Amino acid sequence: MASKLLQIKAISGHAGTVPGGNMSRDYDVCKLVDTTTCIGCKACEVACLEWNGYPFHPTTFDNTYQTMPDTAWNYWNLIRFNEHTAPDGTFGWLMRKDQCMHCADPGCLASCPADGAIVQYANGIVDFNQEHCIGCQYCVTGCPFNIPKFNPETKKVFKCTLCSDRVSAGLEPACIKACPTGCLHFGSKDDMKDIAERRAKQLRAHTAHKDAGVYDPQGVGGTHVIYVLHDINNPEKYGGLPKNPTVDPIVRLWKGPLKWVGGFGMILGALGIAFHYLRYGPKEAEIHGGDDHERHT
């Protein structure tokens, strides 16, 4: 649900300017997930469910410690457990907190045709407004991270809101409040990026993780959820995290040039109808005398 306390930056399906634009000086917020210190306790999963008022789900066993096979419309936060065998033969877990990445250039918002269904705030949070959602699911196909989930009963789409209601009140997201290891951090994008870079540098210098780095993909303009990964060169190992996510060019095509071409075509069609009317006048119905005589007899 969209927050009324945060300054809106962009609105889905909205051609005009954003109401109250540039009236706020909200800084970019960011969630930092340090996968190297995650212990898979799932406290963040529980906190997310409790804060958003969703019931606890029966777990699904799939030969892993992962709670569910995937996120759902009412299960926005999931710790993914990924088995990994190092070159020296040692076994380990690559655990990653999976939720909406809150892209700076969100594919869900770009693909949504419903006015006001998706909003992007000036602080970077991308939020869904279900009362304006038309259930077309274009946002599902437009997201390169496979995050939005459809509720078949209400015909609405849901995802993580980065606790926009808490953030608008000056609080940190519920998952970060519950994390016991300091794996999760929340603050400005600049501060979180600095902490993440220093942590990655520490890992490269003092551990065997020589390829450690910060995941903040520029293909979507950067994200407001960033990761410290043991191996930045292979993010796919962390439960299918895309290496270079981008918004599908088809989305930009049909919401950009094709939209204008379609509008121009409608204008030409209307002009053609008007010209035909002015040139030939209204079309009159043909009356067949013989048929009319037969009906009266």
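**Figure 1. Nine helices and eleven strands make up the chain.** This is a predicted model, so read each value here as computed from that prediction. Of the chain's 297 residues, 42% count as buried. Contacts often link distant parts of the sequence: among those with a separation of 6 or more, 60% are between residues 24 or more positions apart. On the outside, the chain exposes about 16400 Å², and 57% of that comes from carbon and sulfur atoms.

**Figure 2. A look at helix 1 and what covers it.** Helix 1 runs over residues 43–52, and its buried residues are Cys-44, Glu-45, Ala-47, Cys-48 and Leu-49. What lies over them? The cover includes strand 3 (78–85) and strand 4 (91–98), along with helix 5 (174–178) and strand 9 (184–188). An α-helix has 3.6 residues a turn, so residues three or four places apart point the same way. Keep that in mind when you look at the buried residues, including Cys-44 and Cys-48. Follow the chain just past the end of helix 1 and you come to Gly-53, which takes a positive phi of about 75 degrees.

**Figure 3. The largest pocket, with a volume of about 380 Å³.** Of the 17 residues that line this pocket, those closest to its centre are His-84, Ala-86, His-209, His-230 and Lys-237. Which strand gives the most to the lining? That would be strand 4, with four residues. You've already met strand 4 in the previous view, as part of what covers the buried residues of helix 1.

**Figure 4. A nonpolar patch on the surface, made of Ile-267, Leu-268 and Leu-271.** Together these residues have about 300 Å² of accessible area. To find the patch, go to helix 8, which spans residues 257–280 and holds Ile-267.

**Figure 5. Gln-137, a residue with a positive phi that is not a glycine.** Its phi is about 70 degrees. Look for Gln-137 in the loop between strand 6 (126–128) and helix 3 (138–142). Is Gln-137 buried or partly exposed? Its relative accessibility is 31%, so Gln-137 counts as partly exposed.

**Figure 6. Lys-155, in the loop between strand 7 and strand 8.** Strand 7 covers residues 149–151 and strand 8 covers 156–158, with Lys-155 in the loop between them. Here too, phi is positive in a residue other than glycine, with a value near 60 degrees. Lys-155 counts as partly exposed because its relative accessibility is 48%, and the cut-off for exposed is over 50%.

Note on methods
Residues numbered from 1 in each chain as written. Predicted model: local features only at pLDDT ≥ 70, side-chain atom pairs only at ≥ 80, totals over all residues. Heavy atoms only, no water. Buried < 20%, exposed > 50% of the residue type's maximum accessible area, 1.4 Å probe, protein only. Helix = DSSP H or I, 4+ residues; strand = E, 2+ residues; numbered from the N terminus. Contact = heavy atoms within 4.5 Å. Patch = residues over 30% accessible without salt bridge, like charges linked within 9 Å, V, L, I, M, F, W, Y side chains within 5 Å. Areas by Shrake-Rupley, 256 points an atom, 1.4 Å probe, with all protein chains shown as cover. Salt bridge = Lys/Arg side-chain N within 4 Å of Asp/Glu carboxyl O. 1 Å grid on protein atoms, 1.4 Å probe; cavity = no way out; pocket = protein on both sides within 12 Å on 5 of 7 lines; lining within 4 Å. Points joined across faces, edges and corners; volume = space filled by probe spheres on them.
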